[in-house]
Amino acid sequence: MVFLLMLTYYHQNFLNQGAAKNVLIFLFFLAIITLFGYILIRIRTDNKKTNNIILISLLTIFGVTALIWALSVPNAQWSDFGNFWSRAPGYFQGDKLYQTDNDYFSKYAYQSGFMAYILGVIKIFGYNIIAVQLLNVIYQVLILLVTYSLAYKIFNNIKIARLSVLLLMIDLDWFALNSQADNQYLGSLLYLVTFWLLFQDKNWSYILAGVSLAAGCLIRPIGPVIIAGIIVYALIYILMKHKNYKSGFKILLTLAIYFILFTLAGVGIKASGINEYGLSNHDPEWKFLTGLNYQSGGTYSNELNKFIDPSKSRAEMSKVEKKQLKKEIKYLNDNNAWIKLFINKTQTLWSSRTLATDFTNYSQNHSQKTVEIINYLAYLGSIILIIFSWIGSLAMFKNKFDDRFYLLLLPLMAFAVANLIIEVQGRYRIEFLPIIAIMAGLGIYKLISTISGYFITKRN
């Protein structure tokens, strides 16, 4: 369904505007990626030094490109990213992060973990956004490295690992937000490291996995879907299928360490004075109010701003939001609109542009024509990733892979399900794109291998 929704979005937003030109650009882009993929497949894999050179070359090319991007867009921080960056100077001068119990950081106290990270970066490097940008690029490079390692462990195939890195690194929709104080890259890295550690199946790795999982939840608070995926994986594949009770117990150890560290972190946030609400969510209604708003397609909209009144207390606004939430649910029930809303939200989350390039506001220092080209190229990266992941998902029915891949897929599925009822944005998929890239790596590998085999057979 995601593939069909992407085709629909592509038709509505790009084919209706210069179809011939856009199709030619797409085919050229696809041909270039396939050519580079073919080259990566043809390079020998039986030499460790050669493999390292190829990997380092890919990471270096990406690192330089990502850094150039970060330095070529405006330094101003927008949207939620601006909340983290703009409030930091005042905090160091003694101001609180919030003035009322209905302010951003009082309502969404769970963002205090990343705020503490931003304050730490400023404490070390000064109030210079370049430090955050450089760190983001480093995290992105490390994400590519961990993606490579995970792909190799899952398929035992270095070629697929190389291709997974290639497809992720060319997706501008994925890396465009490195200029912003965005918690998705560091959060994504920590979650991927958690999966990598669990793959090791060692006592020390389960302990460290608990640490990295807690750190990931502090930085990017999507821990519940990650934990849900891990628990389901442990129940189905470790306990029921393999009856490996020893590893199942170690998974419990990982989760126990996570809960202890996360609880202590909440206490620490309160004790430090950063946020008296710790890491809690004092506005749980809002995500559901926006997520179940049919008119906005489950996304944040200016129309919903009327429900944000910072002059009122949280108790007053909670009643208003709960009342409106009941109206949203009644509307969906009365109009049988649940399925259509879910389809629209699925398209927004997985098939549309992430709008990552828009969040950088780079249109301020680039021409409209350049903006249109960049937006299109960014979306092409997403199209290529989704198309090959679709091919890869079909190939998985025939291709042998490690059961541990479900440790990555189940959190992805939990995330997709959770976003059916809460607010969605295209950029929310960013931290899960490395997992999709691994499937896409298999997809492009199968495609190139099939085409190569056809020509070899025809030549003989």
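This passage describes the nonpolar cores and the aromatic contacts of the structure. The model is predicted, so that local features require pLDDT of at least 70 and side-chain atom pairs count only at pLDDT 80 or more, while totals for chains, interfaces and linings use all residues. Residues are numbered from 1 along each chain as its sequence is written, and side-chain values use heavy atoms, with hydrogens and water left out.

A nonpolar core is taken as a set of buried Ala, Val, Leu, Ile, Met, Phe, Trp, Tyr and Cys residues joined through side-chain atoms within 4.5 Å, where buried means under 20% relative accessible area (1.4 Å probe, protein chains only). The largest such core holds 143 residues, and Y117, I118, W174, L213, F405, L408 and F432 touch the most other members. Helix α8 (residues 129-155; helices are DSSP runs of H or I with at least four residues, numbered from the N terminus) supplies the largest share of this core, 14 residues.

Aromatic rings of Phe, Tyr and Trp (its six-membered ring) are paired if their centres lie within 6.5 Å, with planes under 30 degrees apart counted as stacked, over 60 as edge-to-face and the rest as tilted; by this rule there are 27 aromatic pairs. W174 and Y185 form an edge-to-face pair, with ring centres 6.2 Å apart and planes at 90 degrees. W174 belongs to helix α10 (residues 172-175) and Y185 to helix α11 (residues 184-200); W174 is buried at 0% relative accessibility, and Y185 is likewise buried at 0%.

Conventions. Buried means under 20% relative accessible area, exposed over 50%, partly exposed in between (1.4 Å probe, protein chains only). Helices (H or I, at least four residues) and strands (E, at least two) are DSSP runs, numbered from the N terminus.
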